[in-house]
Amino acid sequence: MPRALTLAMSVSAVGVALASYRFVFLGWEPAFFTVTALHAPPRQAFLAAHIVLAPIALVAGAFQFFPGLRARRPRLHRVTGRLYVGSVVLSGLAALVLAVTTEGRPVAALGFGTLAIFWLGTTGLALRAILAGRVEAHRRWMTRSYALTFGAVTLRLQLPLLLILYDYDYTPASLILAWSSWVPNLLVAEWLLRRPTRPAPALPA
């Protein structure tokens, strides 16, 4: 992955993760007024788990893409990798429960539910690959997994415009965000993985 893209991705990931924890200072309801109304109290526990754990995955995953960190601090790379996988599994399962139990918004439920399944699946395949010693396959699956994790960033970039467009009503905005927050990310990841790489320059004889 290009260094500039990795840096931009990491900075935006940290920024969104910190913004997600605004409830520590503002309180739960003021911080997430756009979504809490859509979830009845039994579902709010899963919403809270997703909101708390997804930013951890967002930050931990971003630092997996720095080659220098992997080379110089392999132990730190493994620790943050485990943190990433654990956060994705718990947050992804919570998101899947929210999607399955959503009423009245089948398009949004399908979009976010598909995201949760792909998120869990790609992360599981990345873990399976590294446990089998297939480093390149692990890198490719982790790239796809993090593209889905990065949906937290692209969602927040799109959200203000859609809220303005729909007069600050999150319900119609969510029908678009359920797909637009992650499908483009996955397409970009596939393009990055499939693009031809330049051969290394030949060393002088």
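Which backbone oxygen lies 2.7 Å from a polar atom of the side chain of His138? The legend to Figure 2 gives the residue.

**Figure 1. The whole chain, a predicted model with 12 helices and 0 strands.** Residues are numbered from 1 along each chain as its sequence is written, and side-chain values use heavy atoms, with hydrogens and water left out. In this predicted model, local features need pLDDT of at least 70 and side-chain atom pairs count only at pLDDT 80 or more, while totals for chains, interfaces and linings use all residues. Helices (H or I, at least four residues) and strands (E, at least two) are DSSP runs, numbered from the N terminus. The mean pLDDT, the predictor's confidence in each residue from 0 to 100, is 86 for the chain, and 88% of the residues reach 70 or more. Of the 205 residues, 42% are buried; buried means under 20% relative accessible area, exposed over 50% and partly exposed in between, with a 1.4 Å probe and protein chains only. The accessible surface, from the Shrake-Rupley method with a 1.4 Å probe (for residues, only the protein chains shown count as cover), comes to about 11,800 Å². Carbon and sulfur atoms hold 71% of that surface. Contact means heavy atoms within 4.5 Å. Among contacts with a separation of 6 or more, 71% are between residues 24 or more positions apart.

**Figure 2. His138 in helix H9.** The backbone oxygen 2.7 Å from a polar atom of the His138 side chain belongs to Ala126. This is a polar contact, a pair of N or O atoms within 3.5 Å; within protein, one must be able to donate a hydrogen and the other to accept it, and residues adjacent in sequence count only if both atoms are side-chain atoms. His138 counts as buried because its relative accessibility is 15%. Beyond its neighbours within four places in sequence, His138 is in contact with Ala126, Leu127, Ala129 and Ile130.

**Figure 3. The largest nonpolar core, with 23 residues.** A nonpolar core is a set of buried Ala, Val, Leu, Ile, Met, Phe, Trp, Tyr and Cys residues joined through side-chain atoms within 4.5 Å. The members that touch the most others are Leu58, Tyr84, Trp119, Tyr146, Leu148 and Phe150. At least two residues of this core come from each of helix H1 (3-20), helix H5 (41-62), helix H7 (74-100), helix H8 (106-131) and helix H9 (135-149). H5 gives the most, with 5 residues. Apart from this core lies another, of 7 residues, which include Leu155, Leu159, Leu162 and Leu177. Leu58 has contacts outside its neighbours within four places in sequence, among them Ala13, Val16, Tyr146 and Phe150.

**Figure 4. Ser181 in the loop between helix H11 (170-180) and helix H12 (183-194).** Ser181 is buried because its relative accessible area is 1%. Its side chain reaches the backbone oxygen of Leu177 at 2.7 Å. Leaving aside neighbours within four places in sequence, Ser181 is in contact with Phe112, Gly151, Thr154, Leu155 and Gln158.

**Figure 5. The loop before H11 and the start of that helix.** Asp167 and Tyr168 both lie in the loop between helix H10 (151-165) and H11. Asp167 has a positive phi of about 55° although it is not a glycine, and phi of Tyr168, likewise not a glycine, is near 60°. Asp167 is exposed because its relative accessible area is 66%, and Tyr168 is exposed because its value is 60%. At the start of H11, a side-chain oxygen of Asp169 comes to within 3.1 Å of the backbone nitrogen of Thr171. Further residues of H11 are buried, including Tyr170, Ala173, Leu177 and Ser180.

**Figure 6. Two spans from the UniProt record.** The unreviewed entry gives the annotation "transmembrane region" to residues 83-101 and 107-133, among others. UniProt positions are in the numbering used here, feature names are shortened, and annotations may be inferred rather than shown by experiment. Residues 83-101 are 95% helix and 0% strand, and their end C-alpha atoms lie 27 Å apart. Residues 107-133 are 93% helix and 0% strand, with end C-alpha atoms 39 Å apart.

**Figure 7. Residues 199-205, where pLDDT stays under 50.** The model has 0 contacts beyond four places in sequence for these residues. Where pLDDT is low, the predicted coordinates should not be read in detail.
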